[in-house]
Structure formats: C-alpha cells, structure tokens
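This report looks at charged side-chain pairs and at one metal site. The structure comes first, and the description follows.

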Amino acid sequence: MCGGAAALAFAVSGAAEAYTLITCNGNNIRWSGTSATMRASDIGFPSGSSWRSALGNSISLVNQNPSAFDYGIVYGDTSVGFNNGQNEIWWSNGFGAPAIANWWMNCNTGRFTEVDIRFDNTVAYTTSNSKSVLWPYGGGSRPFRTTAIHELGHGVGLSHTANTYSVMGQDWDHIHANGSTARAYFGEDASSGAVALYGGNPGNVQDLGVSQWRRTGASGEYSTHDRTRIRTSGGGWVSSSTVNGEPRYNVNKGQQYLVEFSYENNGESYQTTEVGYFISTNDYISTGDRRIGGRNGMGLGRNTVFTFQAPVTIPADLVSGQTYWLGVIIDEDSTLSEVTETNNRTYISIRVN
Ligand SMILES: [Ca+2]
Ligand SMILES: [Ca+2]
Ligand SMILES: [Ca+2]
Ligand SMILES: [Ca+2]
Ligand SMILES: [Zn+2]
C-alpha cells in the first residue's frame with residue numbers, strides 16, 4: 001500500500017528500532033518544517049459524513065505522536081490531482097491496493113514536496129469503531145482509520161515495518177480494544193520513526209498502552225499480527241476456541257499461566273510503570289474488576305513493542321463452565337499523565353474448565 005514518485009529504498013535502522021524511513025539518494029525524506037496540511041476531497045469526504053469525521057479522527061490520532069510533527073486538515077477540496085502542489089486525499093480505484101500514498105520529493109534536500117493519498121472505493125471500509133463489524137474481530141469490514149493512519153504514516157516519512165508490531169506493517173489488525181470498541185492508533189514503532197525524523201514534541205507528550213495484538217512474522221515489507229495468547233507454566237500453548245470472532249482460552253481454576261500482552265510506550269520518554277491483572281465478567285476492563293496480580297517497575301523505552309508473558313494465577317473460586325475476561329491495566333496507579341488513557345486497558349477471553 002505504498003507508492004512513491006521514486007522506487008523505495010530502505011534505510012538500515014538502529015538495532016533497537018524496527019521502523020524504516022523513506023529515503024532517496026541516501027537522504028531520509030521528510031517535510032522541511034514540522035507540519036503538512038492535507039486537503040480532503042469534497043466528493044469523498046463531504047460535510048456531515050462519517051468519512052469526514054473518521055478522516056479527521058485519523059489525523060488527530062496521528063497527531064498524538066510524540067514528535068514535533070503535526071498534520072493540518074482542510075476539507076471541501078473540489079479539484080484533486082497528482083503533482084499539483086497540494087497534498088490531497090480522495091477515493092478512486094484500479095491502483096492494485098486498498099489504499100496508496102504517492103509522493104514527490106527533492107532527493108538532494110531530502111524533503112517532500114507533495115503527498116497524495118487515495119483509498120479504493122471498492123474495498124469494504126467502515127468508519128465504525130464497533131468490534132463486531134471489523135475484520136480483526138470477525139466482522140465484514142476493514143477499519144478505515146487503521147488504513148488512513150498507515151497512509152498518513154507514509155506522509156510523515158515512514159516506510160513499512162516488518163520487524164515489530166506496527167501500523168506501518170499490516171494495518172487492519174494494529175488496533176486496540178476494550179469492551180465493544182476498537183480504536184486505531186499510531187503506535188510505538190511509528191512514533192519512534194516520527195521522532196527520528198522531526199525530533200521530540202516541545203510539549204510533554206507521554207502515552208503508555210497495552211494491546212491484545214502482537215507481531216507473528218512478516219509478509220514482504222509488512223509485519224503480520226495476531227492476538228496475544230496464554231500458555232502454561234510448562235510452556236505449552238493453551239487450547240482456545242473462537243467465540244464471537246475472538247479467541248477464548250480454556251483454563252483451570254487455581255492454576256498459574258503465562259498471559260501474553262503487548263506493552264507499548266508511544267510517548268516521548270522512557271517510563272517505569274505498574275501493571276495490574278484482573279478478572280472481569282465482561283470484556284470491558286476497569287479498575288473496578290477483581291485484581292489477581294500485578295507487576296511493579298516494568299521499564300518501557302520507545303523502540304520496538306514489548307510483547308511479554310506474565311505469570312498469573314486463575315482464582316480457585318471462579319465458576320466452571322463460565323466465560324471470564326482476563327484483563328490488564330498499564331499505569332495502574334495513574335502516576336503518568338498521558339495524551340490518551342483509553343488504550344491502557346485490554347483483555348483476553350477465558351473459559352474456566
Ligand atoms: Ca485541490
Ligand atoms: Ca495533489
Ligand atoms: Ca495515566
Ligand atoms: Ca495511554
Ligand atoms: Zn504502505
């Protein structure tokens with residue numbers, strides 16, 4: 001889902017990072033300043049439409065990144081085209097990808113001159129944040145925001161990521177859920193790339209998150225993702241079944257398991273944080289749920305995503321045959337002021353044997 005006015009080349013990044021940057025003649029490509037304004041087609045993103053609001057929301061989600069870079073957005077553009085001096089976003093088809101970014105640049109100065117983004121209007125995109133309709137949760141639609149954030153990531157200067165869980169990999173399953181809502185986000189890897197290009201934000205932009213998704217491998221330039229898992233202390237993966245489009249793990253009362261989540265630092269600074277584990281009777285995790293364990297002093301730099309299996313014991317007094325949700329909360333003690341707190345809680349479904 002990536003274009004370019006020139007063939008892509010890939011920079012070798014530091015050992016701790018996975019992002020790749022768009023390069024030309026050995027220069028990283030970025031905007032000369034710390035902002036760029038995108039112009040949305042009035043046809044595809046008309047006033048009052050869910051597409052306009054979802055695009056605006058995607059811009060805002062990218063702008064939560066901890067670098068100095070921010071997008072502006074202008075609506076109502078009535079004339080769009082390539083290499084016309086305007087950065088534009090519109091719907092089209094026949095370009096062989098669900099969405100594509102094309103860019104023009106000065107290879108000698110390492111600066112973008114224009115970025116255009118197109119979405120394929122034959123793809124079953126949705127602007128909904130309801131898990132039930134989204135591909136990653138068994139639904140029939142591709143989340144518009146994850147793809148928009150991926151393409152906007154190209155417009156920041158990022159190429160594809162294959163080596164860690166990233167929206168610059170396979171975007172539609174780089175997503176955060178708690179309860180019935182799933183939210184797209186820029187994420188740790190893309191944030192690291194943005195800071196490498198533009199430096200840190202003059203403000204104090206901090207954000208921790210925890211996700212029920214992880215990297216599984218790579219397909220070409222793209223990291224592939226799947227849900228996080230549960231295994232026994234002995235190392236074997238616990239059996240699961242798919243319920244309402246999500247995995248549900250079969251666990252024994254009173255037994256210790258290793259529960260996997262992806263812990264993310266999407267902010268400017270290294271953080272040491274507290275993490276709590278909970279049992280919930282629904283898929284919405286909150287501090288009101290039953291706490292069954294925790295970890296103090298988890299250190300999280302902003303580099304690659306930390307997918308980690310923590311020991312947790314299933315309480316002996318849970319009801320056999322019942323479904324519960326094993327929850328996790330990062331920054332459990334709320335010591336960190338963050339640009340968003342909605343990504344601090346997520347879950348894995350379990351059924352007690
Ligand atoms: Ca225009
Ligand atoms: Ca244009
Ligand atoms: Ca917080
Ligand atoms: Ca957060
Ligand atoms: Zn792409």
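Arginine 39 has a relative accessible area of 26%, so it counts as partly exposed. The model in which it appears is predicted. Its salt-bridge partner is aspartate 77, and the closest N and O atoms of the two are 2.6 Å apart. This pair joins distant parts of the chain, with aspartate 77 in strand S4 (residues 70-77) and arginine 39 in strand S3 (residues 35-41), 38 residues apart. Aspartate 77 is buried, at 6% relative accessibility.

**Salt bridges**

The count of salt bridges comes to 10. Three of them are set out below, with the distance between the closest N and O atoms.

| Acidic residue | Basic residue | Closest N and O atoms |
|---|---|---|
| Aspartate 77 | Arginine 39 | 2.6 Å |
| Aspartate 42 | Arginine 52 | 3.4 Å |
| Aspartate 283 | Lysine 131 | 2.9 Å |

The salt bridge between arginine 52 and aspartate 42 also links distant parts of the chain: arginine 52 lies in helix H1 (residues 50-63) and aspartate 42 in the loop between S3 and H1, 10 residues apart. Arginine 52 has 17% relative accessibility; this is under 20%, so arginine 52 counts as buried. Aspartate 42 is partly exposed, with a relative accessible area of 32%.

In the pair of aspartate 283 and lysine 131, both residues sit in loops, 152 residues apart. The loop with aspartate 283 runs between strand S19 (271-280) and strand S20 (290-300), while the loop with lysine 131 runs between strand S8 (125-126) and strand S9 (142-143). Lysine 131 is buried, at 6% relative accessibility. Salt bridges also connect Lys131, Arg227, Glu246 and Asp283 in a network.

**The calcium site**

Which residues coordinate the calcium ion (ligand 4)? They are Asp207 (OD), Leu208 (O), Glu338 (OE), Thr340 (O), Asn343 (OD1) and Asn344 (OD1), at 2.3 Å. Along the chain, these donors follow the spacing D-L-x129-E-x1-T-x2-N-N.

Why is the arrangement around the calcium ion (ligand 4) octahedral? The six donor atoms subtend angles of 76 to 168 degrees, which makes it so. For six octahedral donors, the ideal angles at a metal are 90 or 180 degrees.

Two of the coordinating residues can also be placed by accessibility. Aspartate 207 is buried, with a relative accessible area of 5%, and leucine 208 is buried at 1%.

Methods:
Residues numbered from 1 in each chain as written. Chains lettered and ligands numbered in written order. Predicted model: local features only at pLDDT ≥ 70, side-chain atom pairs only at ≥ 80, totals over all residues. Heavy atoms only, no water. Salt bridge = Lys/Arg side-chain N within 4 Å of Asp/Glu carboxyl O. Helix = DSSP H or I, 4+ residues; strand = E, 2+ residues; numbered from the N terminus. Buried < 20%, exposed > 50% of the residue type's maximum accessible area, 1.4 Å probe, protein only. Donors = N, O, S within 2.8 Å, 3.2 Å for Na, K, Ca; no water. Tetrahedral: all angles 85-135°; square planar, octahedral: opposite > 155°, others 65-115°.
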